Amino acid sequence: MKFLALAAFVSNLPLSLAAVSGFDVSHYQGTVNFAGAYSSGARFVLIKATEGTSYTDPKFSDNYVGATNAGFIRGAYHFARPDEGTGSAQAQFFHSHGGGWSGDGITLPGMLDIEYGPTSTCYGLSQSAMVTWITSFVNEYHSLTGRYPLIYTTNDWWTTCTGNTSKYSTTCPLVLAHYSSSVGTIPGGWPFQTFWQFNDNYAYGGDSDTFNGNSANLKKLATG
Ligand SMILES: *[C@@H]1O[C@H](CO)[C@@H](O)[C@H](O)[C@H]1NC(C)=O
């Protein structure tokens, strides 16, 4: 009976329990062993391209080419600085410095990394001003590429700085950061996380992430 019960449970596992491993990198993380990561089973990489209105990551090109040559599905991300200019201006800057998108099956929609500010948690913005800023970014990115960006955040930041808005829960896939053995509370009305960043010490360089689906689902996200 026990075995039968287990078999029934396994066959009823939701699709979302399938997973694809991957990682994210910025120049802070130094040299990345893309070939080693791919050999170990990782299949996607999220790569820092830009921050604010004028900063470009000095390792972006190397990382993007390295990831591409090793066979990864890859995408670029922008570190939001709502204290430095409008969302739409930052979406344009991101788009013209690596954050573009094409439905070629290997390019993920760009990601907006929005989290604790280097100088103040919510960059001095009220919750409603923060929602306005994010809306400006995601709508501009959508008009430039035809896709809504991924949104990377934490439960705590999203609750504190946006008032836990659910405004993007049906348009922007969630990339949830939570360094733990379980994903924890999912904020913002999102029904599930699309990616989960679960630690900051990936063996081949960068932070460890997992995609909440199978490899066909991942490829679909990278396809027009
Ligand atoms: C934020 O909203 C989610 C639903 O999306 C809910 O589960 C969570 O408890 C909310 N967080 C807070 C702090 O109210």
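Student: What makes the pair formed by an oxygen atom of the ligand and a polar backbone atom of Gly-189 a polar contact?

Tutor: This is a predicted model, in which local features need pLDDT of at least 70, side-chain atom pairs count only at pLDDT 80 or more, and totals for chains, interfaces and linings use all residues. Residues are numbered from 1 along each chain as its sequence is written, and side-chain values use heavy atoms, with hydrogens and water left out. A polar contact is a pair of N or O atoms within 3.5 Å, and the ligand oxygen lies 2.6 Å from the polar backbone atom of Gly-189, so the pair qualifies by that definition.

Student: How do you know that Cys-122 and Cys-161 are joined by a disulfide?

Tutor: A disulfide is a pair of cysteine sulfur atoms within 2.5 Å; the two sulfurs of Cys-122 and Cys-161 are 1.9 Å apart, and therefore they meet the definition. The structure holds 1 disulfide.

Student: Why is Cys-161 called buried?

Tutor: Buried means under 20% relative accessible area, exposed over 50%, and partly exposed in between, with a 1.4 Å probe and protein chains only. Cys-161 has 1% relative accessibility, so this residue counts as buried, and Cys-122, at 14%, counts as buried too.

Student: What makes Cys-172 a cysteine that is in no disulfide?

Tutor: The nearest cysteine sulfur, that of Cys-161, is 17 Å away from Cys-172, whereas a disulfide needs sulfur atoms within 2.5 Å, so the pair does not qualify. Cys-172 nevertheless counts as buried, because its relative accessibility is 1%.

Methods: A polar contact is a pair of N or O atoms within 3.5 Å; within protein, one must be able to donate a hydrogen and the other to accept it, and residues adjacent in sequence count only if both atoms are side-chain atoms.
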